[in-house]
Structures are given as C-alpha cells and as structure tokens.
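Student: I have a chain in front of me and want to go through it step by step. Can we start with where to be careful?

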Amino acid sequence: AMAAVLLVSCVLSPALNRGFHGPLLRRRQLAGLALGSPLLPKLALAGESTVAAPDGLWSFDVTPDFSASPALIKTHADEVTYKYTGPKASTYKYFKAGLTVDPVRIDKLSTFDTAEGVANRVVRAELAKDGILEAVVEEARDDSPFYRIRYVVSSAERGKKRYVSRVAVAQRKLIVLTCEAYTRYWNEEVEAIVNGIVDSLRVPSAV
C-alpha cells in the first residue's frame, strides 16, 4: 500500500496520504482539513496509458508495465492504485503508483502551508507511527499550483522506501499522486519511471 500517499491528501485532508494504502499516499497523514465523504466520480481509464476522472478533474499517465491494483480497504473519498508488473517485477517488488482524492476546506493549496511545511507535516506523521526508525524529507518544491514532495521512510517491519508525490487542490478536493519504491533497488530506471508518472499529473482547475 502505497502508503504515502503520497501525501498531502490529508493534512490537507487528514494527512496527505502517504500511503494510500496501495502505493500512493496511503491514508490521511495530513490532518486537519478533512471533511465528510461526498460522492465523487468513479475513476476510469481514458486510454491505454492514461488514467483520468470522468469529469476531467485530473489525469495522469502510467506505463504499460503497471497494472491496476485496487486497495482492499478504502481510506479516501476516491483512490486508484497501480502496481509494477513488468519484466523486472521480481526485483522491483512493491513498486507502486497511486492517486487519492479527498474533500478539504480550502480552495487553494498555498493557503494551507508551503511545500516545505507540508513535507515536514508528512514526515512528522510518519515518525509518530509505531516501528518507524527514520523519516527524512529529500525534496519539497513549489511548482504552483502543484507541490512536489519526496521523502524516505525507514521501517523496522517494511524496510526503507522512497516516496515521491505531486499534490494539488481543485474544487475543494485534495488530489495526491504518489509513487513508492524500495531504496534498495532504486536506480536510474526507477527514477525515470517515477518522475514520468508523478510529473504527468494534470489538474486543469488547480489553483
């Protein structure tokens, strides 16, 4: 489960999602702005490699080496998860990408906190969990209207993983796309795949 999810889903919703349960931002690590759980459009594929909301709120691209992997437990208003199933699946274990959508009380991401502030919130939320040995921010960048956050979490149980998220707010919904992978096999290829997926997030109405 991506846990992490990515990322801000929720503080801005409760937490940013570091995990998303599946690969992306997992649950609500952010904490504070979450609302109820209004009905949101179901997620749907919009082509061979593009995943998109039916109403056009968001879309992102995945490579053919990723397959849909629905979360067993729903922890967001809406979420979608993809797992790497390509030729190196035996090596790239638990390499995931996921997107979460949660309602929030803000209209604009920057009114909540800076990119650095959001990243620090996520790390603090991780450190508060049992079994977490270390959580470090590697990047917190303001690419308005998006924030890009990259961090590493070391767990006594699950080992060391790197998370890269792209976060946006649109129509009072927090949208977080996150990729997660173990640092033990993180190489130039994984880096390129992650950057390609995360940076492909499109949210036309983001502010």
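Student: Over which residues, for which the model has 224 contacts beyond four places in sequence, does pLDDT stay under 50?
Tutor: This is a predicted model, so confidence comes first. A second stretch below 50 covers residues 1–8, with 92 contacts beyond near neighbours in sequence. The stretch with 224 contacts is residues 15–48.

Student: What is the mean pLDDT of the protein chain?
Tutor: Low stretches are one part of the picture. In the chain, 77% of the residues reach 70 or more. The mean is 82.

Student: How many helices and strands are there in the protein chain?
Tutor: Read the pattern along the sequence: β-β-β-β-β-β-β-β-α-β-β-β-β-α. Count each letter. That gives two helices and 12 strands.

Student: Is S154 buried or exposed?
Tutor: Place the residue before judging it. S154 lies in strand β10, residues 146–155. Beyond four places in sequence, its contacts are G131, I132, L133, E134, G159 and K160. Buried means under 20% relative accessible area, and S154 has 11%, so S154 is buried.

Student: What share of the 207 residues in the protein chain do buried residues make up?
Tutor: Take the surface as well. The chain exposes about 8700 Å², with 51% of that supplied by carbon and sulfur atoms. Buried residues make up 55%.

Student: Which residues touch the most other members of the largest nonpolar core?
Tutor: This core has 34 residues. Elements giving two or more residues to it are β7, β8, β11, β12 and α2. Another core of 20 residues lies apart from it, with I106, A119, A135 and V169 among them. In the largest core, the residues that touch the most other members are W58, F60 and F95.

Student: Which residues form one aromatic cluster with F95?
Tutor: Start from the contacts of F95 beyond four places in sequence. They include F66, Y84 and Y185. The structure holds 10 aromatic pairs. The cluster joins F95 with F66, Y84, Y92, Y94, Y182 and Y185.

Student: Which residue lies over the face of Y182, at 4.2 Å from the ring centre?
Tutor: Two charged side chains need checking here. The charged end of K161 sits over the Y182 ring, 4.9 Å from its centre. The one at 4.2 Å is R184.

Terms used. Residues are numbered from 1 along each chain as its sequence is written. This is a predicted model: local features need pLDDT of at least 70, side-chain atom pairs count only at pLDDT 80 or more; totals for chains, interfaces and linings use all residues. Side-chain values use heavy atoms; hydrogens and water are left out. pLDDT is the predictor's confidence in each residue, from 0 to 100. Contact means heavy atoms within 4.5 Å. Helices (H or I, at least four residues) and strands (E, at least two) are DSSP runs, numbered from the N terminus. Buried means under 20% relative accessible area, exposed over 50%, partly exposed in between (1.4 Å probe, protein chains only). Accessible areas come from the Shrake-Rupley method with a 1.4 Å probe; for residues, only the protein chains shown count as cover. Rings of Phe, Tyr and Trp (its six-membered ring) pair if their centres lie within 6.5 Å; planes under 30 degrees apart count as stacked, over 60 as edge-to-face and the rest as tilted. A charge sits over a ring if NZ of Lys or CZ of Arg is within 6 Å of the ring centre and within 35 degrees of the ring normal. A nonpolar core is a set of buried Ala, Val, Leu, Ile, Met, Phe, Trp, Tyr and Cys residues joined through side-chain atoms within 4.5 Å.
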